[in-house]
Amino acid sequence: MISEPAMNHFSTLITLLRDRDVFLEEVQSGVKIESKILSLMIASSLFFAIYGAIIGASNSWQQMLVSTAKLPALYLLTLLICLPTLYFFDILFGSKADFKQYTVLSLTTVSVISVLLFSFAPVTLFFLISIRDYHFFLLLNVAIFSLTGFVGVNLFYKGMQSVMKFDRATPKIRKNLLLSWVVLYGLVGSQLGWTLRPFFGSPGEPFQLFRNLEGNFYAQVIKSLMSLLFGR
């Protein structure tokens, strides 16, 4: 039976998804910011953990357990690395919001991505069971992560525009800053994911907690695509 505090955490996430305008108005007014931060962190971490367990199960039970912890860590660490850049640059160009408001808005990105990944969980599990091809499974998840990430940061961008008041003298600067931050978030996230790998585990190799820092994420995607298409 789900406890009342747990239900409260998920109700915050449901409010974000179902009544987004109300949620953003509360953030703008500073209503229960701390509780929103805590609830979004807990709910999103749970959804990430479930999806991490599924992709880790493609290799071994050890990888499943590790990926259960790694996937939430990936998204929260990416946010921790990138958030100060957004906050300090934005206040430099006229923002009056405090750091907690930026935190909860940034967590909306992570939360939306986590829910979308959770919605893909049955699809991912189906292909995990029915197609035992490492490169296909890897590319499938790259596509899923890319799609969910795009939707998440797009909603974040729109939310920031509606909540953070743009000064008439500098709207273009702050909009460009937001767009630049979105790109930075994607680059940091993809490289951090490469640093924290493996999440899937390569077939025929023993379990590894981490791998040596060599190559990069984009080169591996190209390699997997070539292997899938041409059998190389």
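Trainee: What comes right after helix 2, and what is its phi?
Mentor: Helix 2 is followed by G30, which has a positive phi, near 80°. Helices here are DSSP runs of H or I with at least four residues, numbered from the N terminus. This is a predicted model: local features need pLDDT of at least 70, side-chain atom pairs count only at pLDDT 80 or more, and totals for chains, interfaces and linings use all residues. Residues are numbered from 1 along each chain as its sequence is written, and side-chain values use heavy atoms, with hydrogens and water left out.

Trainee: Thanks! Which residues of helix 2 are buried?
Mentor: F23, L24 and V27. Buried means under 20% relative accessible area and exposed over 50%, with partly exposed in between (1.4 Å probe, protein chains only).

Trainee: And how do they sit around the axis of helix 2?
Mentor: They fall within an arc of 95°, so they line one face of the helix. That arc is taken from the directions from the helix axis to the C-beta atoms.

Trainee: Which exposed residues are on the face turned away?
Mentor: D21 and S29 are carried there.

Trainee: Switching topic: is Q101 buried or exposed?
Mentor: Q101 is buried, with a relative accessible area of 10%. Q101 belongs to helix 5, residues 99–130.

Trainee: What is Q101 in contact with?
Mentor: Leaving aside neighbours within four places in sequence, Q101 is in contact (heavy atoms within 4.5 Å) with V27, Q28, G30, I33 and M164. So G30, the residue that follows helix 2, turns up again here.

Conventions. Helices (H or I, at least four residues) and strands (E, at least two) are DSSP runs, numbered from the N terminus.
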